[in-house]
Amino acid sequence: MKKILIFLFLSAAFVGVAQELTLKKGGVVNTVPVGTTGSESFSLYLPTSFEGGKTWPIVYIFDLNGKGGQAIHMYREVAENQGVILAASNNLSDSLSTSENIAITGRMLNTVIKILPIQKYRSYAFGFDNGARLASVLPIFVQEIKGVISAGAAYPNLELLDSKIPFHFIGIVGTEDYSYSEMMAGRKMFDKYKYSNNLLVFSGGHQWPSVDNLNTSLDILRLSGMEKGVIERSSTFINDSYERNIQKVQALIASNKLTQAENLMGELLDVYRNLREVDQLKDQHRSLRKDKRYKTMKRNEKNAFLTESFIKEDYVYYLEEDIVTYNYNNLGWWNYQMGELAKYQKSKILAEQEMGKRLLNYLNLLIEVNIQTQEETKPIDQEALSLLWMLKTITDPDNYEYYLRIISNSAKIEDYGTSLFYLEELLKKGYTDKEALYALENTALLRITPEFNEIVAKYLKEARYDNIQEE
């Protein structure tokens, strides 16, 4: 049977002006206008089961790169499975202040509420990284938001929490994510403040969560609403979701991911204890915590967290010192640190492998933040910026961008020795775009030198100025 796209016609009034919108079910609408000016828009996805005769839950997705529609495309399966609407602003940006992004979000929410029948108590905010931080503070300003799903980012400021403005916080984080230890610690703080919260852990790095993890998060929010009595209870849904999660626990145990299995068991006990019988899960949880293999893994993880905290402090201290003093001589020390991280990543102890990956990701983020700070500070300290670019070629050696920046800037100040060194390092890494090399800013004099063309010919077989040495 051919799939039939059903179009839904809705009438929406903006500041007294009626506009006719055509929204399709089962397809992403990328530019739904906000208000009457058309200067802002959002992307929208209505599940194929959508009908206007009842209210619907909604998940607002936050992407600060302005790619809301792209984020929605990733989670269409979730919308269909959960029967939820997805909406994402196309105008949020890292370059805007939090207050500006919240104002943009507020205007989008007002539009959504006017044109769609949204279910009370089931409006949720979901984001990744900086988008997650914005999503996390939104319930403080928009009390219609009853749940937050934060991927790869701990709650930004626990002092903002107010018991008079309750919401449910769900964190999602990978064991190789530099935010992992911070989010583990954040869960304890939420518990201390008696805030409804859960933490889902997966094997992976700093990335948008899987469809499965987002489905699980929305299941938890729905179950939480049932426990509070604001959503009608469904024993079928409670039991089915419970069995699905028990299967996940068993899969984690079978793959020897015992700390993740124990974490999920604890979350399930928290979620289901007031909704159904969980005695068997309690016994399994207790038994796992006594398991020698689990105890060893947990001890290794605690040791890794402690080591990680000390190494992070060293990174922050030495990077700050190197920037202030333009300490190019310390590049060798940073190169040594990469060797140490490589050793961790090859360790036979899983917790050390994960720690090594977290630290590498953390260091790259730390350097990138300092690069951004230098670029935004006027006048720009070019010496400090060059040092940071050089550091990036050490910590992220397969990222060609920073080699090119160094070559261009060094040529600008006629430091051709540095330019040629990084040119050869770049080509050793596999860079092949000869046209871009010969068009690189500030290198007009450099690229006609014999040395430049010899290096290019050595790695790319042919240089543009082959006979330059004969002239």
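**Exercise 1. Neighbours of β7**

Task: Find which residue of β8 stands opposite F126, then trace the pairing and the path of the chain around β7.

Solution:
- Step 1. Opposite F126 stands I149 of β8.
- Step 2. Strand β8 covers residues 145-151, and its pairing with β7 is parallel, over six bridges. Strands are DSSP runs of E with at least two residues, and helices are runs of H or I with at least four, both numbered from the N terminus. Two strands pair if DSSP finds at least two bridges between them.
- Step 3. Between β7 and β8 the chain passes through helix α4 (residues 130-141), in a right-handed β-α-β crossover. Right-handed here describes a clockwise path from the first strand over the helix to the second, with the strands pointing away from the viewer.
- Step 4. Turn to β5 (residues 56-62): six bridges join this strand to β7, and the two run parallel. Here I61 has F126 as its bridge partner in β7.
- Step 5. Check the cover of β7, residues 118-128: eight of its 11 residues are buried. Buried is under 20% relative accessible area, exposed is over 50%, and partly exposed lies in between (1.4 Å probe, protein chains only).

A note on the model: it is predicted, so local features need pLDDT of at least 70 and side-chain atom pairs need 80 or more, while totals for chains, interfaces and linings use all residues. Residues are numbered from 1 along each chain as its sequence is written, and side-chain values use heavy atoms, without hydrogens and water.

**Exercise 2. The whole sheet**

Task: Give the order of the eight strands in the open sheet, and add the helices that lie across them.

Solution:
- Step 1. The order is β3-β4-β6-β5-β7-β8-β9-β10, with mixed pairing.
- Step 2. The edges are β3 (28-33) and β10 (197-202); each has a single partner strand, so one side of each has no neighbour in the sheet.
- Step 3. From one strand to the next, the twist averages 20 degrees.
- Step 4. β8 and β9 pair in the parallel sense through five bridges. G147 has H168 as its bridge partner in β9.
- Step 5. Helix α3 (residues 98-115) lies across β3, β4, β5, β6, β7 and β8, at about 155 degrees to β5. Helix α4 lies across β5, β7, β8 and β9, at about 150 degrees to β7. Axes are lines fitted to C-alpha atoms, for helices over the stretch in contact, and angles run from 0 to 180 degrees between N-to-C directions.

**Exercise 3. A87 and its strand**

Task: Decide whether A87 is buried or exposed, and describe the surroundings of β6.

Solution:
- Step 1. A87 sits in β6, residues 85-89.
- Step 2. A87 counts as buried because its relative accessibility is 0%.
- Step 3. Both faces of β6 are covered: I85, A87 and S89 are buried on one side, L86 and A88 on the other.
- Step 4. β4 (residues 41-45) and β6 run antiparallel, joined by four bridges. Y45 stands opposite L86.
- Step 5. β5 and β6 pair in the parallel sense over three bridges. V59 also has L86 as its bridge partner.
- Step 6. Beyond four places in sequence, A87 contacts F42, S43, L44, I58, V59, Y60, I61 and I72. Contact is heavy atoms within 4.5 Å.

**Exercise 4. A buried loop residue**

Task: Locate S179 and list what it touches.

Solution:
- Step 1. S179 lies in the loop between β9 (168-174) and α5 (180-192).
- Step 2. Its relative accessible area is 1%, so S179 is buried.
- Step 3. Leaving out residues up to four places away, S179 touches G152, A153, V173 and H206.

**Exercise 5. Two helices crossing**

Task: Work out how the axes of α9 and α10 cross and which residues make the contact.

Solution:
- Step 1. The axes of α9 (residues 279-290) and α10 (residues 292-325) come within 5 Å, crossing at roughly 65 degrees.
- Step 2. α9 is therefore roughly perpendicular to α10. The classes are roughly parallel under 35 degrees, roughly antiparallel over 145, roughly perpendicular from 65 to 115, and oblique for the rest.
- Step 3. L288, R289 and K290 of α9 meet K292, Y294 and K295 of α10.
- Step 4. The contact has two nonpolar, no polar and four charged residues. Nonpolar covers Ala, Val, Leu, Ile, Met, Phe, Trp, Tyr, Cys and Pro; charged covers Asp, Glu, Lys and Arg; the others, Gly among them, are polar.
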